[in-house]
Amino acid sequence: KYAYTHYLNDYDYFHICGDDAYVIPDNLRAYLMGEQVNNLLNGHLDEFSKANGKARRWKTQRPRPLLLGFPVHFTDNSRQLNTYAAGGSGYTLNRAAVKSFYKLVTDE
C-alpha cells in the first residue's frame with residue numbers, strides 16, 4: 001500500500017527483497033529494458049505465466065502486470081496448482097502489477 005500511495009508514479013518497477021540479498025542495479029535495469037521483458041509486456045506468455053490460469057487475460061491487457069522472480073509451484077489441499085515468486089532473491093513488479101495488488105488488498 002505504501003509504494004502505491006507514495007511512489008507509484010515515480011518509478012516504472014519496484015523490486016522487493018530482504019536485507020540479505022545482493023542486487024546489482026545496472027544488471028537489473030538492463031534486464032528490465034531487455035528483449036525478454038519487452039516480449040512479456042507485449043503479450044508473450046512465458047512458463048511462469050502459463051502455470052497461472054488467470055494469466056491468459058493478461059495477454060491482451062495493457063499495460064500488462066508483471067511479477068518477475070523465481071517461480072515456485074505448489075499444489076494446495078484442493079489439488080490446484082499455484083505459482084508464486086519466491087522471496088529469497090527478491091521479485092520485481094511493474095507499475096501495473098502494483099496497481100493490481102493494491103486493488104486486491106484494498107477491495108477498490
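# Exercises on a predicted protein model

The side chains of R95 and D12 form a salt bridge at 2.9 Å, N to O; a salt bridge is defined as a side-chain nitrogen of Lys or Arg within 4 Å of a carboxyl oxygen of Asp or Glu. This pair links distant parts of the chain, with R95 in helix α5 and D12 in the loop between α1 and β1, 83 residues apart.

The model is predicted: local features need pLDDT of at least 70, side-chain atom pairs count only at pLDDT 80 or more, and totals for chains, interfaces and linings use all residues. Residues are numbered from 1 along each chain as its sequence is written, and side-chain values use heavy atoms, with hydrogens and water left out.

## Exercise 1: Salt bridges

Task. State how many salt bridges the structure holds, and describe the one between R29 and D26.

Solution.
1. The structure holds 2 salt bridges.
2. Besides the R95 and D12 pair, the side chains of R29 and D26 meet at 2.7 Å, N to O.
3. Both R29 and D26 belong to helix α2 (residues 25–32), where they are 3 residues apart, about one turn of the helix.
4. For accessibility, buried means under 20% relative accessible area, exposed over 50%, and partly exposed in between (1.4 Å probe, protein chains only).
5. D26 counts as exposed because its relative accessibility is 53%, whereas R29, at 46%, counts as partly exposed.
6. R95 has 25% relative accessibility and therefore counts as partly exposed.

## Exercise 2: The sheet

Task. Give the strand order of the open sheet of 3 strands, and explain why one side of β1 and one side of β2 lack a neighbour in the sheet.

Solution.
1. Helices (H or I, at least four residues) and strands (E, at least two) are DSSP runs, numbered from the N terminus; two strands pair if DSSP finds at least two bridges between them.
2. The order is β1-β5-β2, and the pairing is antiparallel.
3. β1 (13–16) and β2 (67–68) are at the edges with a single partner strand each, so one side of each has no neighbour in the sheet.
4. Strand β5 (residues 91–94) is joined to β1 by 4 bridges; I16 has Y91 as its bridge partner, and H15 stands opposite T92.
5. Between β2 and β5 there are 2 bridges, also in the antiparallel sense, and L68 has T92 as its bridge partner.
6. Helix α5 (residues 95–106) lies across β1 and β5, at about 90° to β5. Axes are lines fitted to C-alpha atoms, for helices over the stretch in contact, with angles from 0 to 180 degrees between N-to-C directions; contact means heavy atoms within 4.5 Å.

## Exercise 3: A surface patch

Task. Describe the patch formed by Y2, Y7 and Y11, and classify Y11 by accessibility.

Solution.
1. Patches are made of residues with over 30% relative accessible area and no salt bridge; like charges are joined within 9 Å, and nonpolar side chains (Val, Leu, Ile, Met, Phe, Trp, Tyr) within 5 Å.
2. The three tyrosines Y2, Y7 and Y11 make a nonpolar surface patch, with about 350 Å² of accessible area together; areas come from the Shrake-Rupley method with a 1.4 Å probe, and for residues only the protein chains shown count as cover.
3. Y11 is in the loop between α1 (2–7) and β1, and counts as partly exposed because its relative accessibility is 45%.
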